[in-house]
Amino acid sequence: MSGAVLRSGANLRYEAAMLKRDEPSGDLARVRYGDAEFTVLAPGRFVRCAVSGALIPLDELRYWNVDLQEAYRSAAEAT
């Protein structure tokens, strides 16, 4: 298993805290993803990519999974 990265619960909590630290406060939107559109449930300017954790401005959001209710920054993350 060369090159594999193992993450413990403590590491994941630390990474989550670091992501939240960089997040503009109050700017994270809550969104419901539909087949051809999304609905903003709670106002904000960004959603978080489910794969990379990057913030995606709502006006740039093009990729999401309806079943998983997850947003993706680009086609690469979506696949």
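The accessible surface of this protein chain comes to about 5,800 Å². Carbon and sulfur atoms account for 51% of that surface. Keep in mind that this is a predicted model.

The layout next. The chain has two helices and six strands. From the N terminus, the order is α-β-β-β-β-β-β-α. Of the 79 residues, 20% are buried. Take the contacts between residues at least 6 apart in sequence: 27% of them join residues at least 24 apart.

Now look at strand 1, residues 30–33. Which side chains point to the buried face here? Val31 and Tyr33 do. Arg30 and Arg32 point to the other face and are not buried. As a rule, side chains in a regular strand alternate between the two faces of the sheet.

Strand 1 has a partner, strand 2, at residues 38–42. The two run antiparallel, joined by four bridges. Val31 has Val40 as its bridge partner. Together the strands make a hairpin, with four residues between them.

One residue in that loop is Glu37. Buried or exposed? Glu37 is exposed, at a relative accessible area of 56%. Beyond its neighbours within four places in sequence, Glu37 is in contact with Arg32 and Trp64. Glu37 also sits 9.2 Å from Arg62, C-alpha to C-alpha, with their positions 25 residues apart in sequence.

On to the core. The largest nonpolar core has nine residues. Val31 and Tyr33 from strand 1 are in this core. The others are Ala29, Val47, Cys49, Ile56, Leu58, Leu61 and Ala71. In soluble globular proteins, nonpolar side chains tend to be buried together.

Pick out Ala71. Leaving out residues up to four places away, Ala71 touches several core members, including Tyr33, Val47, Cys49, Ile56 and Leu61. Ala71 also touches Arg48, Ala50, Tyr63 and Trp64.

Last, the charged pairs. How many salt bridges are there? The count is two.

In one, Arg45 pairs with Asp27, with the closest N and O atoms 3.1 Å apart. Arg45 lies in the loop between strand 2 and strand 3, and Asp27 in the loop between helix 1 and strand 1, so the pair ties together parts that are 18 residues apart in sequence. Asp27 is buried, because its relative accessible area is 19% and the cut-off is under 20%.

In the other, Glu77 pairs with Arg73, with the closest N and O atoms 2.7 Å apart. Glu77 is buried, at 13% relative accessible area. Arg73 is partly exposed, at 46%.

Key:
Residues are numbered from 1 along each chain as its sequence is written. This is a predicted model: local features need pLDDT of at least 70, side-chain atom pairs count only at pLDDT 80 or more; totals for chains, interfaces and linings use all residues. Side-chain values use heavy atoms; hydrogens and water are left out. Buried means under 20% relative accessible area, exposed over 50%, partly exposed in between (1.4 Å probe, protein chains only). Two strands pair if DSSP finds at least two bridges between them. Contact means heavy atoms within 4.5 Å. Accessible areas come from the Shrake-Rupley method with a 1.4 Å probe; for residues, only the protein chains shown count as cover. A nonpolar core is a set of buried Ala, Val, Leu, Ile, Met, Phe, Trp, Tyr and Cys residues joined through side-chain atoms within 4.5 Å. A salt bridge is a side-chain nitrogen of Lys or Arg within 4 Å of a carboxyl oxygen of Asp or Glu.
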